[in-house]
Amino acid sequence: MEFFSTRGQGPVNLDEALVRGIAGDGGLFMPTPMPAFSVSDFDEAQSLQAVAQTLLAPFFGGSSLEADLGRIVEETFSFPIPLTDLPSETGTARLLELYHGPTAAFKDVGARFLSACMKRLEGDEASPLTILVATSGDTGGAVAAAFDQQPGMRVVVLFPDGRVSERQAHQLSCWSDNVLSLCVDGSFDECQAMVKAALADEDLSAHYRFSSANSINIGRLLPQSTYYAYASLQHFRETGRKPSFIIPTGNLGNALACIMAREMGLPIESVILATNANRTIPDYFETLEWLPRASLQTLASAMDVGNPSNMERLRSFLGEADVLRTRLGVRSVPDDEIEEDIAIDYKDFDFAVCPHTATATRTWRELDVALREGEDWILVATAHPAKFETVVEPLINDEVPLPPELNAILSRPKRAISIPATQEAMAAEMETRFAGSGEQH
Ligand SMILES: *Cc1c(COP(=O)(O)O)cnc(C)c1O
């Protein structure tokens, strides 16, 4: 398989696309051409892991990781991704539960796949690779959990003090010696600027072998197509009908994985993007003008994105807005509708959804009746509501029980180090924690 930059450079193989993260011309890597499957290619593949093995095999062609695919799949998909039925009086609705991983959000899938690949490609106990990640919430926790105790790998997580929830802060802070958690007295933008400055510092970069694990790495995207393949095959086998998906969307990584699965031939009917009040994508579909902007803060905070980076991939893959709007639906769900829907869902479904998932359930409720009854809908649940209990619990007037995976994390001791938002403070903490290894460079 060859990977080309959205801006033209290439080709490179999977190894290079993973290690480089971003192409030399500033573009994002896409597999080209996309493999083509038919449903019968998956006749022998019944489990999630078996579907992953079949679907991901072509991408590993020409990679040094080809022989390890089985083990990479096992390490990535080590938790269930169930498709459950929702009570519905009008048509069929199911919930795809992506929140049973170690940090209870779908980002566990991409982070674990990237970790399984990177440690095999670049892990070196004498001179570890150091992953830098600035986070405003879910990404850093998933990356820290995925790289925790991986040989030859280190992680430095930077997060803004007081601007992530208490449970999120805990998830960012409770890992082993190879994960350094820095609680920065500053904003998310300052954390991101510190990461950028460190990556650009040649001495520091050579000493620590820096790499990043941000959402534009193709390794975060590819494995996510697996759960769309698995869920659509399961529904198709049971009913003979192709399901449609409604996907909570911020940076467009999760939804793009579904769109890729459909283009690869999986039995998927419609795809609808559900955004929060950040309207960059809905406005683009409406006006045909791409106008990225600063993000607005909403209750679905992991989707607070004003310039979705994966749009560059989607446009190079399918086309501009005039094409995209014929292939995809989109709806923006503001905070008051998120709040209202969390309460309605609790009454109708007898369980709570997280504020991100509520953008999908709301979008489903607002479909016109012919469409809602005419297609079978799978609503994508991106995180467990217990991660956002301060939003959810007052709306449902009830407690959200902690799932076992979150309970396991929250019972570990917290060990974040508070620092000012300076490059020197960050470098000093790295020196203290990591002194004694990686000195060869
Ligand atoms: C990251 C995230 C999203 C948005 O996913 P994208 O791939 O950025 O579109 C939605 N919900 C939750 C819970 C997330 O953590």
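## Ligand shell

The residues of the shell around the ligand comprise five nonpolar, seven polar and two charged members. The model described here is a predicted one. The shell holds 14 residues, of which Lys 107, Asp 138, Gly 250, Asn 251 and Thr 382 come nearest to the ligand.

Backbone atoms approach the ligand at several positions. A backbone N or O atom of Gly 250 is placed 2.7 Å from a ligand oxygen atom, and for Asn 251 the corresponding distance from a backbone N or O atom to an oxygen atom of the ligand is 2.8 Å. Gly 253 also contributes a backbone N or O atom, which lies 3.1 Å from an oxygen atom of the ligand. On its own the ligand has 390 Å² of accessible area, and the protein covers 96% of this area.

## Cavities

How many cavities of 30 Å³ or more does the count give? The count comes to two. The largest cavity encloses about 50 Å³ of space, and the second largest about 40 Å³.

The lining of the largest cavity is formed by Thr 249, Gly 250, Thr 275, Asn 276, Asn 278, Arg 279, Thr 280, Ile 281, Met 303, Val 305 and Pro 308. By class, this lining has four nonpolar, six polar and one charged residues. Gly 250 thus appears in two settings: as a lining residue of the largest cavity and among the residues that come nearest to the ligand.

The second largest cavity is lined by Leu 95, Tyr 99, Phe 351, Ala 352, Val 353, Cys 354, Thr 357, Ala 381, Ala 383 and Pro 385. Its lining has nine nonpolar residues, one polar residue and no charged residues.

## Cysteines

The structure contains zero disulfides. Why does Cys 191 form no such bond? The closest cysteine sulfur to that of Cys 191 belongs to Cys 183 and lies 8.5 Å away, which is too far for a bond, because a disulfide requires a pair of cysteine sulfur atoms within 2.5 Å.

Are Cys 117 and Cys 191 buried or exposed? Cys 117 is buried, as its relative accessible area is 0%. Cys 191 is likewise buried, and a relative accessible area of 0% is computed for Cys 191. The cut-off for the buried class is under 20% relative accessible area.

Key: Residues numbered from 1 in each chain as written. Predicted model: local features only at pLDDT ≥ 70, side-chain atom pairs only at ≥ 80, totals over all residues. Heavy atoms only, no water. Buried < 20%, exposed > 50% of the residue type's maximum accessible area, 1.4 Å probe, protein only. Near = heavy atom within 4 Å. Polar contact = N/O pair within 3.5 Å; in protein donor to acceptor, adjacent residues only side chain to side chain. Areas by Shrake-Rupley, 256 points an atom, 1.4 Å probe, with all protein chains shown as cover. Nonpolar A, V, L, I, M, F, W, Y, C, P; charged D, E, K, R; others polar. 1 Å grid on protein atoms, 1.4 Å probe; cavity = no way out; pocket = protein on both sides within 12 Å on 5 of 7 lines; lining within 4 Å. Points joined across faces, edges and corners; volume = space filled by probe spheres on them.
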